[in-house]
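Trainee: I would like to learn how to read a protein model step by step. Could we take its features in turn, with the general idea before each case?

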Amino acid sequence: MSDNKNGGKNFLHSVTLDLDKCKGCINCIKRCPTEAIRVRDGKASIISELCIDCGQCIRVCQNKAKKANYDDFSVLNNYEYTVALPPPSLYAQFNNIEDQKIVLDALKAVGFDDVFEVAVAAEIITAATERYLIRNKGRLKYPVISTACPVVPRLISVRYPDLLDNLLPLITPVELAGKMARIRASEKTGLPPEKIGCIFLTPCPAKVSAIHSPIGTEYKHVDAAIAINEVYPLLLKEMKKLGAEMPERQQLAGSVGLGWGIIGGESTSLKSTDKHLAADGIDNVIMVLEDLENHRYGLEFVELNACSGGCVGGVLQVENPYIARAKVNKMKSNIKENDEPLDDDYVKLMWDKELNYNPAMELGDTMQESFERFTRLQNLIESLPGLDCGSCGAPTCAAFAEDVVKGNSEIMDCVVLLRRETEEMYKRMESSFDSVGLANRFEE
Ligand code: SF4
Ligand code: SF4
Ligand code: SF4
């Protein structure tokens, strides 16, 4: 994990760069939604204040130079008692399962002492969201935007500060699952909470970062995160051994909780409103946020997932996201909706800490400095070629101009301008040689 300042506090990023593998090919710079990557001296670097751990650069780097950091399986040894927190999207990584029971038992077989489904917590958050929308009807800034995918609130805090008040101020299902699992394990074992390890099985780097720097709360309810693609082969092996004989399990998540693993699962489970929208994939998320800055479209709730298809499309998953989505839908049809979630008092699930605007995109530290730099920036953008070719190492000419006014680049780092300047200089030299009659002498 890389430790950096983000939004005025220490922020741990899961996404990092392996400099030895980076070939400086600039493939990644144009795909980063916050323009957080630069390539200088033949190597990429990530501007940590801008990175939202969306994982796009991991997907597009064919040299595998971008990677997600997460915990090793040996993290289980740090605790006297461990509880696995599987997300609903985990179940869709496996073939031919009717419900999640065998996966939960396999988690115990690979070494966890107990399991607490994140989908159970998701059902509680669904009920809490419903209460929040009903009890505050007409008083909210609409549409309310889901905060379950951590990329979305981070993106809003960096690029769309006008939408900060639209965010649903409830802790995420992962945090709630960690909180409930720890209480339950402590009651069951008599161990103090710090001896219990609540370990999330993560589909993406964004959730790794979010457990280390939770959004909207000071409390960390989850201790560690292991990637799904790391635990998958171990689970598969145990599932083959377990076969069909399954002990009866209590407190399984129902179809609503499982639905959270795919796009639309959260919003369509809300019964109090049909004025909702769901969008997946980072480009679509950005398109929706751009539109929401100016219009409400009569919407009351918006669910946005950075990955295509929802969490089944996370960069640390194994299965094709479209197939995984079909599997979730099949499982949902086999499983009933739980009548009553365990708890639905939304007030105690509300954020205890605001998410503030992250001024990483500001041009200066003061209004005065920002204003002066803005004027320079406009002039500079007009003087640049406007090709957005990326050969300066910045994703666009405008991003390059910002780097120049912030003092992070030199104007002649623009290779197109440099070439033009060199050609002009050559022409000027030629004409001055002509004027003194030297040109022919050089040719002789
Ligand atoms: S895609 Fe980016 S990180 Fe990967 S090799 Fe190219 S410049 Fe380096
Ligand atoms: S993880 Fe996302 S925001 Fe961070 S550098 Fe990569 S593409 Fe950009
Ligand atoms: S959609 Fe899910 S898997 Fe993808 S970044 Fe968001 S939380 Fe992670």
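Trainee: Let me begin with a pair of strands: which residue in β5 does R38 stand opposite?

Mentor: Please keep in mind from the start that this is a predicted model. When reading paired strands, look for the partner across the pair, and here R38 stands opposite S45 in β5. The two strands concerned, β4 (residues 37–40) and β5 (residues 43–46), pair in the antiparallel sense over four bridges, and they form a hairpin with two residues between them.

Trainee: What is the phi of D41, and is D41 buried or exposed?

Mentor: D41 has a positive phi of about 50°, although D41 is not a glycine, and its place is the loop between β4 and β5. Because the relative accessibility of D41 is 83%, and a residue over 50% is called exposed, D41 counts as exposed. You can read N96 in a similar way, for N96 has a positive phi of about 55° without being a glycine, lies in the loop between α2 and α3, and is exposed with a relative accessible area of 77%.

Trainee: Before I go further, how far can I trust the coordinates, and where does pLDDT stay under 50?

Mentor: Where pLDDT is low, the predicted coordinates should not be read in detail. In this model the chain averages a pLDDT of 90, and 93% of the residues score at least 70. The stretch where pLDDT stays under 50 is residues 3–9, for which the model has 20 contacts beyond four places in sequence.

Trainee: Next I would like to read a sheet; in what order do the four strands of the open sheet come?

Mentor: In a regular strand the side chains alternate between the two faces of the sheet. As for the order of the strands, the open sheet here runs β8-β7-β10-β11, with parallel pairing. Because β8 (114–115) and β11 (224–227) stand at the edges, each with a single partner strand, one side of each is left without a neighbour in the sheet. Helix α8 (residues 228–242) packs on this sheet, where it touches β10 and β11, and the direction of α8 makes about 65° with that of β11. Within the sheet, β7 (residues 81–85) and β10 (residues 196–202) pair in the parallel sense over five bridges, and L85 stands opposite F200 in β10.

Trainee: Which residues of helix α3 are buried, and what do they pack against?

Mentor: To read a helix, ask which of its residues are buried and then what those residues meet. In helix α3 (residues 101–109) the buried residues are I102, V103, L104, D105, A106 and L107, and they pack against β7, α2 (88–91), β8, β10 and α8. Just after α3, G111 takes a positive phi of about 135°.

Trainee: How many residues are in the largest nonpolar core, and which have the most contacts inside it?

Mentor: The largest nonpolar core has 119 residues, and those with the most contacts inside it are L85, F112, I145, I156, L235, L289 and L304. Helix α4 (residues 118–135) gives the most to this core, with 10 residues, and the core draws at least three residues from each of domain 1 (2–68) and domain 2 (73–349). A second, separate core has 15 residues, among them L380, V405, C414 and V416. If you would like to follow one member of the largest core, take L304, which, leaving aside its neighbours within four places in sequence, is in contact with I145, C149, V152, L277, A279, V285, V288 and L289.

Trainee: Where is P143, and what is the peptide bond leading to it?

Mentor: P143 is placed in the loop between α4 and β9 (144–145), and the peptide bond from Y142 to P143 is cis, with omega near -10°.

Trainee: Finally, how is the chain divided, and which residues does G390 contact?

Mentor: The chain is divided into domain 1 (2–68), domain 2 (73–349) and domain 3 (362–435), and the C-alpha centres of domain 2 and domain 3 lie 45 Å apart. G390 is found in the loop between α13 (367–383) and α14 (397–405), and G390 is buried, with a relative accessible area of 3%. Leaving aside its neighbours within four places in sequence, G390 is in contact with I26, I29 and K30. Although G390 and K30 are 360 residues apart along the chain, their C-alpha atoms are separated by 7.9 Å.

How values were computed
Residues are numbered from 1 along each chain as its sequence is written. Chains are lettered from A and ligands numbered from 1 in the order in which they are written. This is a predicted model: local features need pLDDT of at least 70, side-chain atom pairs count only at pLDDT 80 or more; totals for chains, interfaces and linings use all residues. Side-chain values use heavy atoms; hydrogens and water are left out. pLDDT is the predictor's confidence in each residue, from 0 to 100. Contact means heavy atoms within 4.5 Å. A nonpolar core is a set of buried Ala, Val, Leu, Ile, Met, Phe, Trp, Tyr and Cys residues joined through side-chain atoms within 4.5 Å. Buried means under 20% relative accessible area, exposed over 50%, partly exposed in between (1.4 Å probe, protein chains only). Domain bounds come from an automatic or database domain assignment. Two strands pair if DSSP finds at least two bridges between them. Axes are lines fitted to C-alpha atoms, for helices over the stretch in contact, and angles run from 0 to 180 degrees between N-to-C directions.
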